[in-house]
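Visitor: I am new to this structure and would like a close look at a single part of it. Please take one part and then work outwards from there.

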Amino acid sequence: MPDELVIDVRGMTKRFGRRTVVNDIALQVRKGEIYGFLGPNGSGKTTFIRMLCGLLKADAGSGTCLGSDVITGSETIKRQVGYMTQRFSFYEDLSIAENLDFVARMYGLKDRRNAVERSIEGLGLKDRRDQLAGELSGGWKQRMALAACLIHEPRLLLLDEPTAGVDPKARRDFWDQIHDLAARGLTFLITTHYMDEAERCHRLAYISNGNLLVHGTVAEVIDRARLTTWSVTGRDLNDLSRRLRETPGVEQAVAFGTMLHVSGADERALEQAIAPFRMDDYEWKQVRSSLEDVFIHLMQTSKASSAE
Amino acid sequence: MSARPTFSPARLRGMIVKEFIQMRRDRLTLAMTFGIPIMQLLLFGYVVNSDPRHLPAAVLMADNGPQGRTLLEGLKNSTYFDFVREVKTEAEGRSLLTRGQVQFVINIPPNFTHDLLRGDRPAVLVEADATDPLATSGGIASLPAIFDTALQEDFKGPLAYLAPARRSIDVRVHALYNPEALSQYNIVPGLMGVVLTMTMVMITALAITREIERGTMENLLAMPVRPSEVLLGKITPYVIVGYIQVGIILLAAHYLFKVPIHGNLALLLIGAFVFIAATLAMGITFSTMAKNQLQAMQMAMFVFLPSILLSGYLFPFRGMPQWAQVLGEILPITHFLRIARGVMLKGIGFQDIGRELWPIVLFAIVMLTIGIKRYRRTLD
């Protein structure tokens, strides 16, 4: 079954008091897929993930996760899910090996010692096995957390901003590993703020203020946003970007090195807006909108609509 | 919740192993758990004074003359004594003393009236449970005066010529269990209860809140572990810590304060086990109710005061007003103090500690049940 759905939920809703943190979200994730979950801070990503693994009770919603009912089957789901929290949540006063051993015991692994050794070796943590987790750097902590999440051989991994505060090399290694695991049939739901990471996901969803605004592959997400973007190079781009931002029809003007990306939802309005600036000093070119352009656009429009 | 995992001893062991490692690495807490008993032992060398009344007493009345009755009335009127019953034999009286049901047994000898009237200075034997010298000293000191006043009433008017001289009765006090009225004898066994309450409640009160504050709770909840496994896993290592404290205090009792241990040490250790379990259960339950470590500490402080004041540790239990005694009976430490003092000073047996044991067991069960119910399975 190549199209087996690992997560298939709809209507997922969570309220804290009067505030709706997750509002009627439907999500389908296929087996072996790396699914990116994007959105600004406080948009409800973490809350949604916590509902999936039974850490929070959903106020509404239905569906299945790993074949079990997402509302009533949380104890069964827990055993097959690896959840990596946003903040390092293993014991800092335990060593790497002790932490892994504890996790292995909690999942009641039969061949515990071997599982721990394999996990330590597989992640290249052998030299550091007796080091206290609290003494590890961000990158090593993240490796340890991932190792701990994998030790009971889960079928689904929920990773909440797994690469925050990790250097680029470690980040790349991490993503290579994720792709390896996905190729072997493991499914991932990953939240991130990094655009390069978003682009490495098979599919994405963008969530803002608890609402799922758009989902699909990277290309689909960009197309659906119907955003027009021009790039411009020339002198004194700073001044230009300030003036462009004050012009109606221009939604954003963002510097990318020596280049400026100017975007707007209305193609014709944008063309009219930039017309006065199309002089010899500047070189204008229409480009395909980047994921980042789209997300900033989504963030601004959802902010504007929620402010109304 | 469907398919809730059943209780797993293996997971419980995992929790215990983890707690042990964490305990070992937390040097400050460890130092505190061993430092507190030693510090307290040295601090509580002195005793607060008090003059309790309405102490339960039994009377062995062998005299059938009027003056024997007068004496009894005089004792009642003094408000120091409440006569709970009349005993027939000395052994019966002694057994009431041992079980702590009375504080005094007053023996009025045969022919008391006869001897008194003849001016033979009859002897009245007062047996007192002097485990707690504070509780008995007031009553004992007032005895001769009480007798004198009572007899003066009998020989008024035409009978005045028969009135015996003052101090016409030989009051013989037999202070049992702690004849020299050494306050250490009373304080040191009591200290065991207080030290255990302080450290055990404090440490476990932090147990759950610490997981929440360090962010490790989220992970723990994401794993298939049952509340009972978490709570028992956190309690168990501290039973051993508690026993080490008991050991320190017993050694100090023996070598520093020369407190005798009359009873069976094994009985004391059984009592200590139940008591430690109860205090740990109380601590862990606080931990499930508190929002953070500070709140947990405040809740722990909240039990310390009644534990010290209402348990009979500092002030004689029977000197307290009725409502305070009722409150005191709820606290496990009150019962443990009776066990510790009883075993060490009186040498009481299993049947006697049994009566004090079940209220502690009941307390522990109620506390742990509340704790397991209050333990949050989600982050809501």
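Guide: This is a predicted model. A way in is the domain assignment of chain B, which gives domain 1 as 9-43 + 183-374 and domain 2 as 55-176. The C-alpha centres of domain 1 of chain B and domain 2 of chain B are 41 Å apart. Where they meet, domain 1 of chain B contributes 11 residues to the contact and domain 2 of chain B contributes 15 residues.

Some figures describe chain B as a whole. Its C-alpha atoms fill a box of roughly 90 × 45 × 30 Å along the principal axes. Chain B has 14 helices and 5 strands. Of its 380 residues, 55% count as buried. When contacts in chain B between residues at least 6 apart in sequence are taken, 81% of them join residues at least 24 apart. Chain B exposes about 16500 Å², and carbon and sulfur atoms supply 63% of that area. As for charge, chain B carries 35 positive and 27 negative charges, and the mean positions of the two sets lie 11 Å apart.

Now to the interior. The largest nonpolar core has 166 residues. The residues with the most contacts inside this core come from chains A and B: Phe48(A), Phe188(A), Leu189(A), Met192(B) and Leu220(B). Helix H7 of chain B, residues 183-213, gives the largest share of this core, 17 residues. A second, separate core has 23 residues, including Leu55(B), Ala57(B), Leu72(B) and Phe112(B).

The part to look at closely is Phe48(A). This residue lies in helix H1 of chain A, which covers residues 45-52. Phe48(A) counts as buried because its relative accessible area is 0%, and the cut-off for buried is under 20%. Leaving aside residues up to four places away in sequence, Phe48(A) touches Val9(A), Met12(A), Val22(A), Ile25(A), Leu27(A), Phe37(A) and Leu189(A). One of these partners, Met12(A), is 36 residues away along the chain, yet the C-alpha atoms of Phe48(A) and Met12(A) are separated by 7.8 Å.

Another partner, Leu189(A), leads on to further residues. With residues up to four places away in sequence again left out, Leu189(A) touches Phe48(A) as well as Ile7(A), Leu27(A), Tyr35(A), Phe37(A), Ile49(A), Leu52(A), Leu157(A), Leu158(A) and Leu159(A). Leu27(A) and Phe37(A) therefore touch both Phe48(A) and Leu189(A), given that contact means heavy atoms within 4.5 Å.

Methods:
Residues are numbered from 1 along each chain as its sequence is written. Chains are lettered from A and ligands numbered from 1 in the order in which they are written. This is a predicted model: local features need pLDDT of at least 70, side-chain atom pairs count only at pLDDT 80 or more; totals for chains, interfaces and linings use all residues. Side-chain values use heavy atoms; hydrogens and water are left out. A nonpolar core is a set of buried Ala, Val, Leu, Ile, Met, Phe, Trp, Tyr and Cys residues joined through side-chain atoms within 4.5 Å. Buried means under 20% relative accessible area, exposed over 50%, partly exposed in between (1.4 Å probe, protein chains only). Helices (H or I, at least four residues) and strands (E, at least two) are DSSP runs, numbered from the N terminus. Accessible areas come from the Shrake-Rupley method with a 1.4 Å probe; for residues, only the protein chains shown count as cover. Lys and Arg count as positive and Asp and Glu as negative; His and the chain ends are not counted. The place of a charge is taken as NZ of Lys, CZ of Arg, CG of Asp or CD of Glu. Domain bounds come from an automatic or database domain assignment.
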